[in-house]
Amino acid sequence: MSESGEIISRNIIIVGCGKVGAALTEELCEEGHNITLIDTNEERVNKLTDSFDVMGVVGNGASYSVLKDAGIEEADLFIAVTDMDELNLLCCTVARRASHCEAIARVRNPEYSDDISYLKEKLDLAMIINPEEEAAKVIARMLGLPAALSVKSFANGRAEMVRFVIPAENRLCGRQLKDLSDVTGGNVLICAVERGEDIYIPDGSFTLHEGDQVTFISNIIAARRFFERIGIQNRRIHHVVIVGGGKASYYLCKLLIEDGIEVKVIEKNKQRCEELCDLLPKAIIINGDGNDRDLLREEKIADADAFIPLTGMDEENIFLTLFASDVSNAKVITKLKRNTFHDVIGKLNIGSVVYPKYITAEMILTYVRGLSASMDYSNIRTLYHFFGSRVEAIEFEAAGNSKTLNIPLKDIRTKDNLLIAGLIRGRRNIIPGGDDAIRQGDRVIVVTTHIGLRSLDDIIA
């Protein structure tokens with residue numbers, strides 16, 4: 001967004017029209033950018049060009065002539081998200097040599113994990129993203145707060161945005177937000193509520209009901225205390241069973257083992273089991289079919305604290321989660337590639353749901369929003385979507401000449417359905433009141449139904 005408030009559209013080239021490429025196309029089209037797609041698969045290109053107002057080029061994204069046809073010389077941003085890491089890096093290298101655009105590559109192979117910073121610097125890339133590793137980080141955060149449906153992190157973990165469902169006969173039922181100081185302790189702020197088809201950015205007079213999906217912001221310690229005070233069990237995770245030994249499983253196992261959690265992986269490919277035994281000597285690797293219910297019982301799924309199917313098939317993951325929910329009290333997390341039947345899936349007892357493609361899309365969208373904003377006013381550090389992308393939570397870093405600085409929040413006339421949910425100042429995590437003010441350098445967390453804010457000044461009505 002320019003200083004006059006006009007939205008700046010960027011010329012963006014996306015190489016790879018798979019699930020991540022499709023998710024990016026959807027998100028960036030909604031932002032009003034000019035998108036050109038490249039893929040060797042003509043059917044994939046046609047499917048997206050028919051669905052969205054984008055251009056398509058059939059060809060190899062590492063070919064200069066193909067990139068030239070796609071308009072590389074006028075591109076502001078180049079994103080390579082094919083299924084091949086090396087091809088993505090090569091595409092970005094050619095694109096950087098052919099123009100002045102920024103470049104982002106998807107790199108998933110664990111063999112490159114220790115080289116990411118080196119590759120990013122030497123190839124002069126704006127960002128390298130690993131969807132499986134990012135999904136593993138999201139799942140690990142959920143396991144740190146098992147009572148939550150989702151946990152989103154801001155300011156390097158200094159603040160968390162937590163979503164949960166209010167159970168029947170809970171002490172929150174029938175109470176207004178202004179009367180919750182006995183359970184929030186002043187360190188928790190409820191910032192969004194989904195009730196049926198409706199979304200609310202609530203004020204103090206809002207009354208909570210059974211079945212509400214509630215999102216609040218706090219630090220992790222305050223979140224645990226909040227769950228204790230409202231009588232929702234938040235037991236510590238000691239033992240996790242994972243079905244599927246792919247990349248996401250590897251990254252998740254590494255994180256959990258570092259936290260002292262016992263991990264058991266069930267994988268049917270014997271060669272992959274041998275690889276995992278070498279890569280993860282502290283994990284228990286079982287060679288077997290995770291769809292075999294007798295095997296799952298034999299491996300004591302009923303005693304697990306958490307059960308996470310990470311196979312490559314959405315249907316398998318859903319059925320396994322349903323089975324685990326039926327035979328155990330484990331925290332269940334389901335990884336899905338597609339959200340075609342999002343409404344139906346939301347009615348199933350499959351616990352927390354993780355979509356790696358949208359995690360990747362949110363990270364890239366955060367960067368693109370930053371490109372499209374005036375850097376004089378704010379930098380977008382983090383961006384998340386909630387409730388089917390009807391609500392955004394954005395972390396801004398307040399710049400020196402923002403119009404919001406040093407004014408009591410109660411005196412800032414903000415847009416409707418918008419809440420300043422958190423201020424992070426140094427090591428302090430502030431749940432803001434009307435007398436608090438934004439200072440230069442603060443991380444400001446904004447929750448709103450207004451999709452597309454690019455600058456902190458955009459919150460002003």
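**Rings, salt bridges and a charged patch**

Reader: Which residues do ring pairs link into a cluster?
Author: The model is a predicted one. In it, ring pairs join several side chains into one cluster. The members are Phe 164, Phe 216, Phe 226 and Phe 227.

Reader: How many aromatic pairs does the count come to?
Author: Rings pair if their centres lie within 6.5 Å. By this rule, the count is eleven.

Reader: What is the geometry of the pair formed by Phe 164 and Phe 226?
Author: The ring centres of Phe 164 and Phe 226 are 6.0 Å apart. Their planes meet at 75°. An angle over 60 degrees counts as edge-to-face. The pair is therefore edge-to-face.

Reader: How many residues apart in sequence are the parts that Phe 164 and Phe 226 tie together?
Author: Phe 164 sits in strand E8, residues 159-165. Phe 226 belongs to helix H8, residues 220-229. The pair therefore ties together parts whose separation in sequence, in residues, is 62.

Reader: Is Phe 164 buried or exposed, and which class does Phe 226 fall in?
Author: Phe 164 has a relative accessibility of 1%. Phe 226 has a relative accessible area of 1%. The cut-off for burial is under 20%. Phe 164 and Phe 226 are therefore classed as buried.

Reader: What is the centre-to-centre distance between Tyr 355 and Tyr 358?
Author: Tyr 355 and Tyr 358 form an aromatic pair. Their planes are 75° apart, and the pair is edge-to-face. Centre to centre, the distance is 5.9 Å.

Reader: What are the relative accessibility values of Tyr 355 and Tyr 358?
Author: Tyr 355 is buried, at 14%. Tyr 358 also counts as buried, at 16%.

Reader: How many salt bridges does a search of the whole structure find?
Author: Side chains of opposite charge can pair when their charged atoms come close. The cut-off is a nitrogen to oxygen distance within 4 Å. The number of salt bridges found in the whole structure is 21.

Reader: Which side chain meets Arg 96 in a salt bridge, and where does it lie?
Author: The partner of Arg 96 is Asp 124, at 2.2 Å from N to O. Arg 96 lies in helix H4, residues 85-98, and the pair ties together parts that are 28 residues apart in sequence. Asp 124 lies in the loop between helix H5 (116-122) and strand E6 (127-129).

Reader: Is Asp 124 buried or partly exposed?
Author: Arg 96 is buried, with a relative accessible area of 18%. Asp 124 has 43%. Burial needs a value under 20%, and exposure one over 50%. Asp 124 is therefore partly exposed.

Reader: How far apart are the closest N and O atoms of Arg 108 and Glu 132?
Author: Arg 108 and Glu 132 form a salt bridge. The closest N and O atoms are separated by 3.4 Å.

Reader: Which helix holds Glu 132?
Author: Arg 108 lies in the loop between strand E5 (102-106) and H5. The pair ties together parts that are 24 residues apart in sequence. Glu 132 lies in residues 131-143, helix H6.

Reader: Is Arg 108 buried or exposed, and what of Glu 132?
Author: Arg 108 has a relative accessibility of 17%. Glu 132 has 17%. The threshold is under 20%, so Arg 108 and Glu 132 count as buried.

Reader: Which strand holds Glu 392, the salt-bridge partner of Arg 369?
Author: The two side chains meet at 2.6 Å, N to O. Arg 369 lies in helix H14, residues 356-372. The bridge ties together parts 23 residues apart in sequence. Glu 392 lies in residues 391-398, strand E19.

Reader: What are the relative accessible areas of Arg 369 and Glu 392?
Author: Arg 369 is buried, at 1%. Glu 392 is buried as well, at 0%.

Reader: Which residues are linked with Arg 369 and Glu 392 in a network of salt bridges?
Author: Arg 369 and Glu 392 belong to a salt-bridge network. The other members are Glu 31 and Arg 454.

Reader: Which residues gather in a patch of negative charge on the surface?
Author: Asp and Glu count as negative. Side chains of this kind gather on the surface. The patch holds Asp 289, Asp 292, Asp 294 and Glu 298.

Reader: Is Asp 294 buried or exposed?
Author: Asp 294 lies in helix H11, residues 293-298. Its relative accessible area is 56%. The cut-off is over 50%, so Asp 294 is exposed.

Definitions and conventions:
Residues are numbered from 1 along each chain as its sequence is written. This is a predicted model: local features need pLDDT of at least 70, side-chain atom pairs count only at pLDDT 80 or more; totals for chains, interfaces and linings use all residues. Side-chain values use heavy atoms; hydrogens and water are left out. Patches are made of residues with over 30% relative accessible area and no salt bridge: like charges are joined within 9 Å, nonpolar side chains (Val, Leu, Ile, Met, Phe, Trp, Tyr) within 5 Å. Accessible areas come from the Shrake-Rupley method with a 1.4 Å probe; for residues, only the protein chains shown count as cover. The place of a charge is taken as NZ of Lys, CZ of Arg, CG of Asp or CD of Glu. Helices (H or I, at least four residues) and strands (E, at least two) are DSSP runs, numbered from the N terminus. Buried means under 20% relative accessible area, exposed over 50%, partly exposed in between (1.4 Å probe, protein chains only). Rings of Phe, Tyr and Trp (its six-membered ring) pair if their centres lie within 6.5 Å; planes under 30 degrees apart count as stacked, over 60 as edge-to-face and the rest as tilted.
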